[in-house]
Amino acid sequence: MPDSPLLTLTWTDEVTGHRGYLVVDRLVRGVSSGGLRMRAGCTLDEVAGLARGMSRKEALHYRPGARYIPLGGAKGGIDCDPRAPEAYDVLVRYLRAMRPYIEHFWTTGEDLGLTQDVVDKATAEAGLVSSVQAVYPLLDDETAARQRLTDAFAVRVDGIGLDELVGGCGVAESALTALDRAGVPYAETRVAVQGLGTMGGATARFLARAGLKVVAVADVRGTLANPDGLDVEALLAARDAFGTVDRAALRPADRQLPGDAWLSVDADILVPAAVSYAVDASNQERITARWIVEAANMPVLPEAETLLAARGVTVLPDVVVNSGTNAWWWWTLFGDIGADADEAFAHTRRALRDLVDAVLTRAETDGTTPRAAAHALAAARQTEIDRRFGTYR
């Protein structure tokens with residue numbers, strides 16, 4: 001993949017001075033895909049890294065013969081606290097400014113700090129048809145495809161929307177695949193999850209239901225821990241819109257620890273599912289887990305990953321692990337699957353298991369890290385996509 005992105009934009013809100021960014025890493029068939037995040041401190045470099053990651057996520061899901069042909073990668077970001085009173089209006093103004101790009105070649109959706117319902121509401125207020133309207137010209141039957149996606153978003157499973165669950169299903173299946181390859185029983189495996197929002201919450205649910213013991217979860221108020229296992233369903237029911245748990249839901253044996261305690265709890269698997277850059281060279285030495293499963297984007301810094309690898313800790317990379325939500329949108333819209341929860345989960349599990357298996361096998365064969373193996377696999381598939389559809393560079 002080229003070193004520089006195709007398009008980089010910086011926007012300044014004329015009312016508040018907040019900055020927003022758009023990076024289009026590459027296009028495939030004239031279109032790119034990547035969510036929009038909102039967080040205080042968001043930077044252009046961060047968004048550029050995420051856009052490059054999206055190019056790889058898309059390419060990794062290329063399957064000849066499938067209706068869904070992976071798109072290019074992009075990402076949007078707004079430097080603003082999503083809890084701030086002015087946040088929604090800033091979002092609307094950002095989307096208005098980005099309207100030409102969303103209409104023609106950038107498809108987007110929820111990411112850190114935003115939920116899809118908020119994105120949809122702001123998108124309509126900004127005068128756009130949809131946050132993914134740029135892909136409509138690629139559809140065989142736009143009306144049927146849009147209805148299929150609408151129906152899928154209306155599906156709820158145990159009170160939670162299907163769109164909020166498929167990503168966590170993919171993360172969980174990635175972890176289970178690693179356990180299966182290592183011959184480790186689920187019932188003997190302990191998990192710590194950082195972040196109980198959309199991705200972290202769904203991941204915790206799927207792992208707990210698979211028989212793993214979730215011994216710690218962290219939110220903005222601290223880490224909740226219980227070596228005998230937390231009541232994941234009770235914690236999920238006690239979350240607010242930002243994934244913060246009402247402490248009234250805790251049981252007497254549940255402990256409240258500092259916010260970074262999730263790093264060093266006695267667990268086999270760590271799932272960073274919140275902010276980027278959570279694991280660095282200084283705090284990685286506290287980790288005793290065997291696997292880190294990157295549900296968040298870019299949670300483990302490169303220098304930390306090198307040190308972890310030297311200690312025998314395997315990092316399952318974000319470009320593979322958390323790619324399920326994005327792929328589910330397109331599988332549904334293009335018609336590879338219907339608006340059905342069982343079909344969505346089965347397809348997600350199969351796709352992520354195949355992908356994790358391929359990445360770990362290549363890493364073992366090449367004597368490299370899973371991330372390097374995933375990048376190599378993505379590059380090979382991107383070359384095949386370019387050969388078939390051409391390049392926009």
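Start by selecting Arg251, which sits in the loop between helix 8 (232-237) and strand 12 (255-257). Helices (H or I, at least four residues) and strands (E, at least two) are DSSP runs, numbered from the N terminus. This is a predicted model, in which local features need pLDDT of at least 70, side-chain atom pairs count only at pLDDT 80 or more, and totals for chains, interfaces and linings use all residues. Residues are numbered from 1 along each chain as its sequence is written, and side-chain values use heavy atoms, with hydrogens and water left out.

**Stop 1: around Arg251**

Is Arg251 buried or partly exposed? Arg251 counts as partly exposed, because its relative accessibility is 34%. For this tour, buried means under 20% relative accessible area, exposed means over 50%, and partly exposed is in between (1.4 Å probe, protein chains only).

Now add Asn226, Gly229, Leu230 and Asp231 to your selection: Arg251 is in contact with these residues, leaving aside its neighbours within four places in sequence. Contact means heavy atoms within 4.5 Å. Try a distance label too: Arg251 and Asn226 are 25 residues apart in sequence, and 9.5 Å apart in space from C-alpha to C-alpha.

**Stop 2: Asp111**

Next, select Asp111 in the loop between strand 6 (106-107) and helix 4 (116-125). With 15% relative accessibility, Asp111 counts as buried. Which residues does Asp111 touch, not counting those up to four places away in sequence? Show Gly35, Leu36, Arg37, Lys75 and Asn297 to see them.

**Stop 3: two residues with positive phi**

Move to Asp158, in the loop between strand 7 (156-157) and strand 8 (160-161). Its phi is near 55 degrees, a positive value in a residue other than glycine.

Then pick Met298, which lies in the loop between strand 14 (291-293) and helix 9 (302-310). Met298 is not a glycine either, yet it has a positive phi of about 55 degrees.

**Stop 4: helix 6**

Select residues 162-182 to bring up helix 6. The expected span of a helix is 1.5 Å times one less than its number of residues. For the 21 residues of helix 6 that gives 30 Å, and the end C-alpha atoms are 30 Å apart, which agrees. Turn on the surroundings as well: 17 of the 21 residues are buried, so helix 6 is largely enclosed by the rest of the structure. Gly183 follows helix 6, and its phi is positive, near 70 degrees.

**Stop 5: helix 7**

Residues 198-209 form helix 7, with twelve residues. From its first C-alpha to its last, helix 7 reaches 17 Å, close to the 16 Å expected. How many of its twelve residues are buried? Nine are, and helix 7 is mostly covered. Colour Met199, Gly200, Gly201, Ala202, Thr203, Ala204, Arg205, Phe206 and Leu207 to see the buried residues of helix 7. Just after helix 7, look for Gly211, which takes a positive phi of about 105 degrees.

**Stop 6: helix 13**

Now go to residues 370-389, the 20 residues of helix 13. This helix reaches 28 Å between its first and last C-alpha, close to the 28 Å expected. Its buried residues include Pro370, Leu377, Arg381 and Ile385. What covers the buried residues of helix 13? The cover includes helix 1 (44-60), helix 9, strand 15 (314-316), helix 10 (318-321) and helix 12 (341-366). Gly390 follows helix 13, with a positive phi near 85 degrees.

**Stop 7: Ala97**

Select Ala97 in helix 2 (residues 87-97). Ala97 is partly exposed, with a relative accessible area of 31%. Draw a line from Ala97 to Arg29: the two are 68 residues apart along the chain, and their C-alpha atoms are separated by 24 Å.

**Last stop: the whole chain**

Zoom out to see a chain with 13 helices and 15 strands. The C-alpha trace spans about 55 × 50 × 40 Å along its principal axes. Buried residues make up 55% of the 393 residues in the chain. Finally, consider contacts between residues at least 6 apart in sequence: 70% of them join residues at least 24 apart.
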